[in-house]
Amino acid sequence: MRRLLFGPIAGLLFVATTPPAIANGNISFTEIEKAAILSHGPWPPKFRPDPSNRVSGKKSAVTFGRELFRSRFLSRSRRHSCLTCHNPDLAYADGLTRSSAIATVDRNAIALANLRLNRWYGWDGSSDNLWAQSIRPILDPREMNATAGLVAERIRSDVPFSRGYKNVFDSNPKSDDNQKILVNLGKALAAFQETIVTPPSRFDEFRSALENNNLKKIGRYPLAAKRGLKTFIGKGKCNLCHLGPNFTNGEFDDAGVRYFKASGGVDKGRYGGIQNLKKSPYTLLGKFNDNPKNAPGIATQHVARSHQSWGQFRVPSLRNISKTAPFMHDGSVPTLRDVVRHYSELNEERLHLDGSGLLRRLNLSEREISDLVAFLKTL
Ligand code: HEC
Ligand code: HEC
């Protein structure tokens with residue numbers, strides 16, 4: 001009988017005598033913890049086409065968008081493509097602190113994945129849709145340094161690209177104006193990027209095992225990850241911001257990362273993002289939205305700059321996080337261990353006084369830090 005008190009059997013015994021806890025090797029989760037864990041799924045999400053983009057989900061647009069994504073001819077010098085900074089071998093990021101094409105930019109490249117789940121795009125939410133975000137690097141003088149006129153002329157005069165364009169958009173680039181061509185290219189690029197979805201992770205396997213009370217599969221999830229998960233939803237309160245299936249609330253906050261730019265000056269973060277959004281012709285409120293009825297851009301209409309939005313950055317998804325170092329908007333944090341240490345040793349005085357108030361210095365032990373890292377690595 002004594003033997004039964006150890007190992008997985010002890011867990012079983014525990015559940016029989018203590019109904020609110022779920023058996024799980026020698027770690028158990030309360031019903032409240034279980035509900036918190038289940039809220040991070042299911043995964044993958046069901047694909048829903050983007051109403052603002054009439055070619056979203058269209059097969060020919062995905063193929064054409066994939067070609068454009070790797071084509072260097074969207075850059076003035078014909079030397080750079082989206083791949084320069086979004087490399088599929090590096091989870092569609094670039095592994096650099098701050099990205100570089102013609103010149104080095106101020107921010108870390110965002111790993112492209114699960115993009116249909118975003119409400120805002122970019123670290124500062126300068127775009128409210130994916131096609132606008134895809135146009136941005138084409139025009140940025142530090143990235144691809146092109147213009148609407150330049151890319152439109154290249155599409156018109158290149159036989160395969162011109163054919164691809166006609167095929168996707170049912171219209172001839174020779175008769176479309178430059179702006180329309182640029183936006184359409186953004187829409188094809190978006191259609192391709194929407195297909196980049198991260199597969200179910202070890203965490204997702206554990207989550208569904210927990211949902212189905214499959215003790216054998218629950219037992220396969222590493223103990224350290226289980227302990228780290230407990231900290232993530234418990235003492236760490238990480239899920240106040242990194243919530244839901246994509247581990248983000250999709251909004252902006254100040255996590256105490258420095259906001260001075262390496263190039264000098266201050267990164268305004270969300271404050272600047274809202275400024276850009278308000279003056280962009282490519283938002284859901286503009287004429288390029290293909291379905292304002294189903295994508296009315298209400299959030300864009302109501303968003304307003306405040307003192308609080310200074311130095312706020314988008315809460316990033318944590319999926320695939322073991323593959324997307326370095327971290328934070330400026331790539332200033334090299335490893336996951338350093339990220340967790342950042343939260344553990346957080347300088348509370350650095351945070352906005354009128355901010356969300358959700359972060360506190362955690363003072364984690366070395367073991368808690370290792371466990372949290374072990375958990376993050378299963379995402
Ligand atoms: C010079 C490097 C560079 C190039 C080239 C580049 N990007 Fe990016 N990309 C970045 C950086 C840096 C960010 C983060 C930008 C920010 O928030 O200020 C980013 C962000 C994005 C995002 C936002 C993702 C999200 O979750 O919000 C998308 C989408 C994107 N890029 C698509 C593209 C496409 C499409 C191309 C090619 C047309 C491209 N990028 C070319 C560096 C680059
Ligand atoms: C108040 C909201 C909030 C809470 C709570 C929070 N985070 Fe974050 N997290 C953010 C924001 C915002 C960023 C981006 C900050 C930046 O780049 O300046 C971020 C960035 C990260 C990153 C880097 C992601 C990347 O792609 O660069 C990781 C990893 C991370 N958080 C993990 C955690 C963990 C673990 C906890 C709990 C200990 C936690 N977060 C708690 C808001 C939060």
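## Exercises on a predicted model

Phe375 is buried, with a relative accessible area of 0%. That is our starting point in this predicted model, and the exercises below work outwards to other rings, a helix, a loop and two ligands.

### Exercise 1: The partner of Phe375

**Task.** Find which residue forms an edge-to-face aromatic pair with Phe375, and work out which parts of the chain the pair ties together.

**Solution.**

Step 1. Look for a ring beside Phe375: Phe203 is the partner, with 5.9 Å from centre to centre.

Step 2. Check the angle. The planes stand at 85° to each other, and an angle over 60 degrees counts as edge-to-face.

Step 3. Place both residues. Phe203 belongs to helix α8 (residues 202-211) and Phe375 to helix α14 (residues 366-376), so their pair ties together parts that are 172 residues apart in sequence.

Step 4. Ask about burial. Phe203 has 0% relative accessibility and counts as buried, and Phe375 is buried too.

Step 5. Widen the view: ring pairs join Phe203, Phe232, Phe247 and Phe375 in a cluster.

### Exercise 2: A tilted pair

**Task.** The whole structure holds 15 aromatic pairs. For the pair of Trp120 and Phe252, explain why it is called tilted.

**Solution.**

Step 1. The ring centres of Trp120 and Phe252 are 6.5 Å apart and the planes meet at 50°, so this pair is tilted. For comparison, stacked planes would be under 30 degrees apart and edge-to-face planes over 60.

Step 2. Trp120 sits in the loop between α3 (59-70) and α4 (130-139), while Phe252 is in strand β1 (residues 252-253), so the pair ties together parts 132 residues apart in sequence.

Step 3. Trp120 is buried at a relative accessible area of 3%, and Phe252 is buried at 8%.

Step 4. Now look over the face of Trp120: Arg270 lies there, 4.6 Å from the ring centre. You can find another such arrangement at Trp43, where Arg319 lies over the face at 3.7 Å from the ring centre.

### Exercise 3: The two faces of α6

**Task.** Sort residues of helix α6 (residues 159-169) into buried and exposed, and describe how they are arranged around the axis.

**Solution.**

Step 1. List the buried residues of α6: Phe161, Ser162, Gly164, Tyr165, Val168 and Phe169.

Step 2. These residues span an arc of only 160° around the axis, which means they are on the same side of α6. The spacing helps you see this: an α-helix has 3.6 residues a turn, so residues three or four places apart point the same way.

Step 3. Turn to the face away from the buried side. Here you meet the exposed residues Val159, Pro160, Arg163 and Asn167.

Step 4. Find what the buried residues of α6 touch: they pack against α3, α5 (148-157) and α7 (178-193).

Step 5. Finish with the ends. At the start of α6, a side-chain oxygen of Asp158 comes within 2.9 Å of the backbone nitrogen of Phe161. Just after α6, Asp170 has a positive phi of about 55°.

### Exercise 4: A glycine in a loop

**Task.** Locate Gly311, decide whether it is buried or exposed, and name its contacts beyond its sequence neighbours.

**Solution.**

Step 1. Gly311 is found in the loop between α12 (298-302) and β2 (313-314).

Step 2. With a relative accessible area of 3%, Gly311 is buried, because buried means under 20%.

Step 3. Setting aside neighbours within four places in sequence, Gly311 is in contact with Asp253, Asp254, Tyr259, Asp267, Lys268 and Gly269.

### Exercise 5: Two ligands

**Task.** Describe the residues around ligand 1 and ligand 2, and pick out polar contacts.

**Solution.**

Step 1. Ligand 1 has 30 residues around it, the closest being Cys82, Cys85, His86, Trp123 and Arg314. Helix α4 gives the most to this shell, with six residues.

Step 2. Oxygen atoms of ligand 1 lie 2.7 Å from a polar side-chain atom of Arg107, from a polar backbone atom of Gly122 and from a side-chain N or O atom of Arg314.

Step 3. Around ligand 2 there are 24 residues, and Cys238, Cys241, His242, His329 and Tyr343 come nearest. The largest share of this shell, three residues, comes from α13.

Step 4. A nitrogen atom of ligand 2 is 2.9 Å from a polar side-chain atom of His242. A nitrogen atom of ligand 2 also lies 2.7 Å from a side-chain N or O atom of Tyr343. An oxygen atom of ligand 2 is 2.7 Å from a polar backbone atom of Met328.

Note on methods:
Residues numbered from 1 in each chain as written. Chains lettered and ligands numbered in written order. Predicted model: local features only at pLDDT ≥ 70, side-chain atom pairs only at ≥ 80, totals over all residues. Heavy atoms only, no water. Phe/Tyr/Trp six-rings, centres within 6.5 Å; stacked < 30°, edge-to-face > 60°. Helix = DSSP H or I, 4+ residues; strand = E, 2+ residues; numbered from the N terminus. Buried < 20%, exposed > 50% of the residue type's maximum accessible area, 1.4 Å probe, protein only. Lys NZ or Arg CZ within 6 Å of the ring centre and 35° of its normal. Arc of directions from axis to C-beta. Contact = heavy atoms within 4.5 Å. Polar contact = N/O pair within 3.5 Å; in protein donor to acceptor, adjacent residues only side chain to side chain. Near = heavy atom within 4 Å.
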